[in-house]
Amino acid sequence: MVLEEEEKKNVEEEDEDEEEEGAPAEEGAKKKKKKKKKKKKAGNTTALEVKEPSQKPPARGLNETAFTDYYVKYGQTNPPTIPVEDLFKGRQLPLGEIQPYESQSYRETSEECRARDRLQEDLYSKVRLASEVHRQVRSYAQSFIKPGVKLADMCERLENKNRELVAERGLERGIGFPTGCSINHVAAHYTPNTGDDTVLQYDDVMKVDFGVQVDGRIIDSAWTVSFDPKYDNLLASVRDATNTGVRLAGIDARLCDIGEAIQEAMESYEVELNGTTYPIKAIRNLNGHSIGQYQIHAGKSVPIVKGGCEESIRMEEGEFYAIETFASTGRGYVIEDMECSHYMKRFDAPHVPLRMQSSKKLLAHINKTFGTLAFCRRWLDREDGGSTFLNGSNGKQEKYMGALKNLCDVGIVQPYPPLCDVKGSFTAQYEHTFFLRPTCKEVLSRGDDY
């Protein structure tokens with residue numbers, strides 16, 4: 001339809017040219033210049049043409065409404081290339097899922113609450129931008145996460161798209177933390193280091209966990225990838241548990257009550273694997289958490305089992321939370337194991353005099369590039385050292401392992417090794433980030449996929 005209109009316009013313009021043959025040359029040049037501008041405008045409209053999503057993900061564990069090209073309904077290219085901020089210029093960014101507070105319905109109509117809500121529109125625009133970037137990046141990732149993909153390549157591709165769509169600008173906006181791609185008995189905090197050639201298999205259960213940050217406001221969300229239908233119940237138990245936790249969260253909600261409900265929902269499932277039925281267990285030493293500005297774990301933990309925290313701890317207005325739940329067919333308890341890949345400068349890092357010049361150099365790079373956001377060794381090995389905006393092609397860190405160990409030993413940097421259940425077991429995870437607004441709860445990371 002757009003092409004037909006454009007052809008018609010071109011024919012009309014040719015007729016006009018013929019009629020104007022006798023006109024002075026200067027006047028004719030002006031008219032031609034004007035026509036060219038019209039054609040350019042029509043081309044821009046075509047480039048942002050809205051389409052219907054049509055491509056389904058190859059993996060299981062997602063909603064029936066999941067499409068890997070869902071973003072084309074906003075005029076995004078496929079694969080996505082337009083930074084989300086540019087895509088929605090002059091338009092309102094998509095809201096998250098709005099859930100009312102079940103026991104405090106008065107907040108929706110309270111003038112005082114609505115006034116406090118309006119005061120935070122600038123904050124809402126930042127977190128909604130980060131959320132939409134997360135949705136578009138993960139939908140794109142869901143299109144190529146298949147058996148046979150090398151995990152290092154998968155992470156690199158996902159993270160590069162993350163940087164592109166958020167329009168990475170160092171600490172102002174960029175990746176929230178390294179892409180977790182923990183497989184099977186590994187529940188969390190695994191991403192491949194340089195030289196790790198692990199390949200995703202059909203029989204694997206992989207947790208994909210990544211973040212986006214705008215002005216230090218982090219959107220933390222995760223889902224589980226599987227291809228064999230025998231794991232469906234395992235995945236369903238965690239989705240149910242996460243959604244239960246999100247539903248019960250609210251201002252003045254007790255964290256211990258949420259943890260108890262999560263465990264009850266999750267452990268009502270069981271899964272049959274190769275002729276053996278396994279009870280599904282909540283991993284009792286993993287939790288959800290509050291999120292602060294440039295602080296992924298801001299102090300409060302959301303348990304996923306009964307009795308997981310003091311009864312007096314409650315959620316409060318204005319807090320961000322990530323509800324993440326983990327299920328296992330093993331013992332339901334994780335320990336640190338394997339080679340470490342995740343690191344983060346402590347938010348309350350002490351001031352320690354450093355003797356090693358290499359440690360000073362590495363710390364300066366961490367402060368400049370990551371601040372108190374998590375990073376991984378793979379980023380230090382990049383030519384840009386983790387941020388093209390800040391470091392160009394001169395950010396790569398050389399022979400840094402001794403310096404990194406020193407920073408960990410003196411308590412400035414915290415290592416986060418992979419968290420593992422017993423070998424041979426399978427673990428799953430789903431996670432959403434929400435904000436306790438004065439009037440309602442906004443589940444920022446909710447999408448059509450999960």
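1. Pro79 sits in the loop that connects helix H2 (25–47) with helix H3 (84–87), and in this predicted model the peptide bond leading into it from Asn78 is cis, its omega being near 0 degrees. A reader going through the backbone may wish to begin with this loop between H2 and H3.

2. Two residues that are not glycines carry a positive phi, and they are best taken in turn. Asp215, with a phi of about 55 degrees, belongs to the loop between strand S4 (205–214) and strand S5 (217–226), and its relative accessibility of 26% makes it partly exposed. Lys399, whose phi is about 45 degrees, is placed in the loop between helix H11 (388–391) and helix H12 (401–409), and with a relative accessible area of 83% this lysine counts as exposed.

3. For the chain as a whole, the secondary structure amounts to twelve helices and 18 strands, and 53% of the 450 residues are classed as buried. Among contacts with a separation of 6 or more, 74% join residues that are 24 or more positions apart, while the accessible surface comes to about 21,100 Å², with carbon and sulfur atoms contributing 49% of that area.

4. How are helices H7 and H8 arranged relative to each other? Helix H7 (residues 232–248) packs on helix H8 (residues 255–266) with an angle of about 155 degrees and with the axes 8 Å apart, so H7 is roughly antiparallel to H8, an angle over 145 degrees being what that description requires. The crossing of H7 and H8 is right-handed. On the H7 side the contact involves Ser237, Asp240, Ala241, Thr244, Gly245 and Leu248, and on the H8 side Ile258, Ala261, Ile262, Ala265 and Met266; sorted by class, the residues in this contact of H7 with H8 are seven nonpolar, three polar and one charged.

5. The second helix pair to examine is H9 with H12, whose axes come within 8 Å and cross at roughly 80 degrees, which means that H9 is roughly perpendicular to H12. Here Ser358, Ser359, Leu362, Leu363 and Ile366 of H9 meet Ala403, Leu404, Asn406 and Leu407 of H12, and the contact of H9 with H12 is made up of six nonpolar and three polar residues, with no charged ones.

6. Which residues of H12 are buried, and against what do they pack? The buried set consists of Ala403, Leu404, Asn406, Leu407 and Cys408, and the elements that these buried residues pack against are strand S13 (342–345), helix H9 (357–369), strand S14 (374–376), helix H10 (377–380) and strand S15 (413–416). After H12 comes Gly411, which has a positive phi near 90 degrees.

7. Glu132 deserves a separate look. This glutamate is part of helix H5 (residues 121–144), and because its relative accessibility is 0%, Glu132 counts as buried. Once its neighbours within four places in sequence are set aside, Glu132 is in contact with Tyr70, Tyr74, Val84, Phe88 and Pro94.

How values were computed
Residues numbered from 1 in each chain as written. Predicted model: local features only at pLDDT ≥ 70, side-chain atom pairs only at ≥ 80, totals over all residues. Heavy atoms only, no water. Helix = DSSP H or I, 4+ residues; strand = E, 2+ residues; numbered from the N terminus. Buried < 20%, exposed > 50% of the residue type's maximum accessible area, 1.4 Å probe, protein only. Contact = heavy atoms within 4.5 Å. Areas by Shrake-Rupley, 256 points an atom, 1.4 Å probe, with all protein chains shown as cover. Axes fitted to C-alpha atoms, helices over the stretch in contact; angles between N-to-C directions. Parallel < 35°, antiparallel > 145°, perpendicular 65-115°, else oblique. Left-handed = near helix turned anticlockwise from the far one by under 90°. Nonpolar A, V, L, I, M, F, W, Y, C, P; charged D, E, K, R; others polar.
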